[in-house]
Amino acid sequence: MSDLSNRHLPNSLGFATRAIHHGYDPQAHLGSLNPPVFLTSTYAFDSAAEGAARFAGEAEGFIYGRVGNPTVAVLERRLAELEGGEAALATSSGVGALTALVWTLLASGDEIVADQMLYGCTFGLFEHHLPRFGIRVRFADLTDPAGLEAALSPATRMVFTETPSNPNMRVVDIAAIAAITRRAGALFVVDNTYCTPYLQRPLELGADIVTHSATKYLGGHGDLLAGAVVASQEIIDRLRFTGIKELNGACISAFDAFLILRGLKTLTLRMDRHSATAAKLARDLEAHPAVAAVYYPGLDSHPQHALAQRQMRQMGGMIALELKGGLPAGRALMDNVKIATRAVSLGDAETLIQHPASMTHATYDPDERARHGFTDGLIRISVGLEDYEDLRGDLLGAL
Ligand SMILES: *Cc1c(COP(=O)(O)O)cnc(C)c1O
């Protein structure tokens, strides 16, 4: 892939500096402060031989939009840098990143061990669809490393977790799970959507692959869908030239890549604010008499509070809670809020409130919800960037 506009910064520089500058040199583009949006599906070759050489991987340069674009390449360099990985692949959605991963790296007969609590569509892919392709997924409680040991088999090729998990905020010890996975000769994949690399860097803790729904905090403004994978150059090349090129075609548009690059400029500011407001709201909600439980890793009451403090820079903007009145009370809370918006997705400037069992996690049937350990009454809040006092008034007033 051509590196025309690359700009390597010393990685002694801080995260915010690299999130704003890494991987793009304005001087290579007529001084344009922002990366140009290359709206092109294909790329001209100098000669027949040169085109053939690009296809053979013997010459640098873009070939076709499904496998690369200069604007997208800036985003990929930046994400790789921020996650501490060799290379990245940007995709058209988070689910597009996950299907590229499993369809490229796994084959019939292989097994995945996954944490018992996953984003609803990841669960749907793993539990309901991969078995049709001969891939078995065993679910385990990865908050306990012994849970992984028990679920491993000679066919395990991949271990998969979110942390904190969507929706109920379980925290998995990345370094501990990485060590066991490595001994088993499998690849450890962490979906880092909830944290972003600013709050948590799984590769530095021993994970092999990081995935993202860039729809959420990385984009940060609720105006696009996108995903990403960060891993070794070898894995990313396979995902790009097999997974995206020939299997799922989930390539990102240059314009969406541009919007994510714009979002990344304020990632640190936004995550600081999301985390600070969520930490205060979690305490307010926990103290309210109508609330049965609040799941937020920053609370002393969270079972993995100490681990979260070691593993994450801040505790993030996601809160889950259960009301004493169960599901009817949760529905009433959702119907009573005036500033929080009733919507799925997360990581936006707007505070979003939703009911996982009937919305994002409706892919789990009632039995599966019970087996995988989350209840019908759970309400999920993505704490936005509004004023804390206004959100406090809105949520406590609605209770
Ligand atoms: C939203 C989400 C996804 C799926 O991403 P899309 O961009 O919606 O396809 C995957 N994992 C987690 C943790 C998510 O929150």
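Start by selecting Leu 30, in the loop between helix H1 (15-21) and helix H2 (48-55); helices here are DSSP runs of H or I with at least four residues, strands are E runs of at least two, and both are numbered from the N terminus. Leu 30 is not a glycine, yet its phi is positive, about 55°. Most residues other than glycine have a negative phi, and most peptide bonds are trans.

A word on what you have open: this is a predicted model, where local features need pLDDT of at least 70, side-chain atom pairs count only at pLDDT 80 or more, and totals for chains, interfaces and linings use all residues. Residues are numbered from 1 along each chain as its sequence is written, and side-chain values use heavy atoms, with hydrogens and water left out.

Next, go to the loop between strand S4 (156-162) and helix H7 (174-183), and pick out Pro 164. The peptide bond leading into it from Thr 163 is cis, with omega near -10°. Now click on Pro 167, found in the loop between S4 and H7. The bond from Asn 166 to Pro 167 is cis too, with omega near 10°.

Now color the strands. Seven of them make an open sheet with mixed pairing, in the order S1-S7-S6-S5-S4-S2-S3; two strands pair if DSSP finds at least two bridges between them. Strand S1 (87-91) and strand S3 (136-140) are the edges, each with a single partner strand, so one side of each has no neighbour in the sheet. On average, neighbouring strands are turned by 20° against each other, direction ignored. Zoom in on strand S5 (residues 187-191) and strand S6 (residues 209-213), which run parallel and are joined by three bridges. Asp 191 has Thr 211 in S6 as its bridge partner.

Add helix H4 (residues 94-105), which packs on this sheet and touches S1, strand S2 (111-115), S4, S5, S6 and strand S7 (227-231), with its direction at about 150° to that of S6. Contact means heavy atoms within 4.5 Å, while axes are lines fitted to C-alpha atoms, for helices over the stretch in contact, and angles run from 0 to 180 degrees between N-to-C directions. Helix H9 (residues 233-248) lies across S1, S5, S6 and S7, at about 25° to S1.

For a helix pair, show H3 (residues 70-83) with H10 (residues 254-264): their axes come within 8 Å and cross at roughly 40°. That makes H3 oblique to H10, the class left over once angles under 35 degrees are called roughly parallel, over 145 roughly antiparallel and 65 to 115 roughly perpendicular. Turn on side chains and you'll find, among the residues that meet, Val 72, Leu 75 and Arg 78 in H3 and Phe 258 and Leu 261 in H10.

Then move to the other open sheet, five strands in the order S8-S9-S12-S11-S10, with mixed pairing. Its edges are strand S8 (291-295) and strand S10 (341-342), each with a single partner strand, so one side of each is left without a neighbour in the sheet. Strand S9 (residues 318-323) runs antiparallel to strand S12 (residues 379-382), with four bridges between them; look for Ala 320 opposite its bridge partner, Arg 380. Lying across S9, S10, strand S11 (352-354) and S12 is helix H13 (residues 326-336), at about 130° to S9.

Finally, zoom out and color by domain: domain 1 is 15-264 and domain 2 is 268-398, with bounds from an automatic or database domain assignment. Their C-alpha centres lie 26 Å apart, and the contact takes 42 residues from domain 1 and 38 residues from domain 2.
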